[in-house]
Amino acid sequence: MLRVSLIAVAAVIGATAAQAEVVKDGDLRVLRIRACADDEMRARGGWVEEIQEHLAFASGIFESTFGIRFRVEEVVEWDSDDAGQGLGDLVDELEADMSVEGVDAVVGFSAQDPRAGKLSKYVALPWGLTPSLGRVSMIRAMVEDESYDLHLAVVHEVAHLFGAFHVTQQDSVMRETVQGPRTFQFDTENGKLIRLMRDYDFEAGVEAIDPQTAERLTALWKRGGGEVDTSPLAEALFNRGIELYNEDRPEDAIALWKRSIRADDRFALAYGTMGVTLAELERYDEALEALKKADELGWPEAKQAMWLIEWREERGEE
């Protein structure tokens, strides 16, 4: 899932400093997890046991279906910011506060109520938020909502770590909304995708995915979720490009955004961000081309960005 402000080019999930590796237990792939509970979650009695139980349940689903076993390395405390503007802010906080050293992923549990205060407009995101093929997953750990099943939420969000996408089928655990039957079945294409990505190296990240695997991943998304979600590969490449931009490596970022667009040529966000960055590099013709495409695809900031470029050119500020 995307969580960036494009004009600001905000930071994105996927820290790469940790020394992680793909761990096996016989024929099983082991997903090493650092679980975190925010202060609202810890206000519930037995929060450590509750988190361990939810992750153990989800591990059973993944092990029996995909040969992936979860190993919870530790359950730790984490204080979330009650003034946050949404689930994306919680993901940003968790990524900044919690190291991925020694684990594949950090899974956060927040019991902040999205139906109140500044989070109220995010109630349409019931499961949580997990950037595709990233290393941080945020679970919305509310139990007051009778329609909400935390077991389902954990299975759903962890699947996004492996690149799973949303679908319209109500009998799939990867449906977008919490409403629907209590099922832990995966639709056909997401099942194939997770098997394909079972041994994904979280430390090496999306840049290390070989072209053949990338092609197969994209084909599965087009068949199963193209009408609902951005391509998970495109999203992950975009997010990694944001990281490179923030490391003052704009040319490398542009190269990844081009790969992102090849994975999903309807990805307005990638065209727009690339256009703005090209303009910063004073490559105005390329910038206008990218921004025109972003505008065609409905990116709301495109017209303003194109106007600024044309204004500079008219004033001879190339």
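A nonpolar core is a set of buried Ala, Val, Leu, Ile, Met, Phe, Trp, Tyr and Cys residues joined through side-chain atoms within 4.5 Å. Buried means under 20% relative accessible area, exposed means over 50%, and partly exposed lies in between (1.4 Å probe, protein chains only). The structure is a predicted model, in which local features need pLDDT of at least 70 and side-chain atom pairs count only at pLDDT 80 or more, while totals for chains, interfaces and linings use all residues. Residues are numbered from 1 along each chain as its sequence is written, and side-chain values use heavy atoms, with hydrogens and water left out.

**Overall organisation**

The chain contains 11 helices and 6 strands; helices (H or I, at least four residues) and strands (E, at least two) are DSSP runs, numbered from the N terminus. Of its 318 residues, 57% are buried. Contact means heavy atoms within 4.5 Å. Among contacts with a separation of 6 or more, 67% involve residues 24 or more positions apart. The exposed area of the chain is about 13,700 Å², of which carbon and sulfur atoms supply 46%; accessible areas come from the Shrake-Rupley method with a 1.4 Å probe, and for residues only the protein chains shown count as cover.

**The nonpolar cores**

The largest nonpolar core comprises 85 residues, and F62, F70, F109, F162, F186 and I194 have the most contacts inside it. A second, separate core of 14 residues includes C36, M98, V100 and V103. Apart from residues up to four places away in sequence, F109 touches C36, A37, D38, M41, I51, L55, I139, A141 and V154.

**Individual positions**

S137 is located in strand β6 (residues 136-140). Its relative accessibility is 0%, so S137 counts as buried. The side chains of S137 and T130 are joined by a polar contact of 2.7 Å. A polar contact is a pair of N or O atoms within 3.5 Å; within protein, one must be able to donate a hydrogen and the other to accept it, and residues adjacent in sequence count only if both atoms are side-chain atoms. Beyond its neighbours within four places in sequence, S137 is in contact with L94, V106, V107, G108, L129, T130, E157, V158 and L161.

R42 belongs to helix α1 (residues 39-42) and is buried, with a relative accessible area of 19%. Residues up to four places away in sequence aside, R42 touches A37, W47, E77, W78 and D79.

F57 is found in helix α2 (residues 47-66). Because its relative accessibility is 28%, F57 counts as partly exposed. When residues up to four places away in sequence are not counted, F57 touches H151 and F184. The C-alpha atoms of F57 and V155 are separated by 8.6 Å, although these residues are 98 positions apart along the chain.

**Salt bridges**

Side chains of opposite charge can pair when their charged atoms come close. A salt bridge is a side-chain nitrogen of Lys or Arg within 4 Å of a carboxyl oxygen of Asp or Glu. By this rule the chain has 23 salt bridges. Three of the pairs are listed below.

| Pair | Distance between the closest N and O atoms |
|---|---|
| D104 and R32 | 3.6 Å |
| R240 and E247 | 3.9 Å |
| R266 and D264 | 3.9 Å |

The pair of D104 and R32 links distant parts of the chain: D104 is in the loop between α3 (87-97) and β4 (105-110), R32 is in strand β2 (residues 28-37), and the two are 72 residues apart. Both D104 and R32 are buried.

In the second pair, R240 is buried at a relative accessible area of 13%, whereas E247 is partly exposed at 42% relative accessibility. A network of salt bridges links R240 and E247 with E207, E243, R249 and D252. In the third pair, D264 is buried, with a relative accessible area of 4%, and R266 is partly exposed, with a relative accessible area of 47%.

**A nonpolar surface patch**

W307, L308 and W311 form a nonpolar patch on the surface, together contributing about 310 Å² of accessible area. Patches are made of residues with over 30% relative accessible area and no salt bridge; like charges are joined within 9 Å, and nonpolar side chains (Val, Leu, Ile, Met, Phe, Trp, Tyr) within 5 Å. W311 is situated in helix α11 (residues 302-314) and is partly exposed, with a relative accessible area of 35%.
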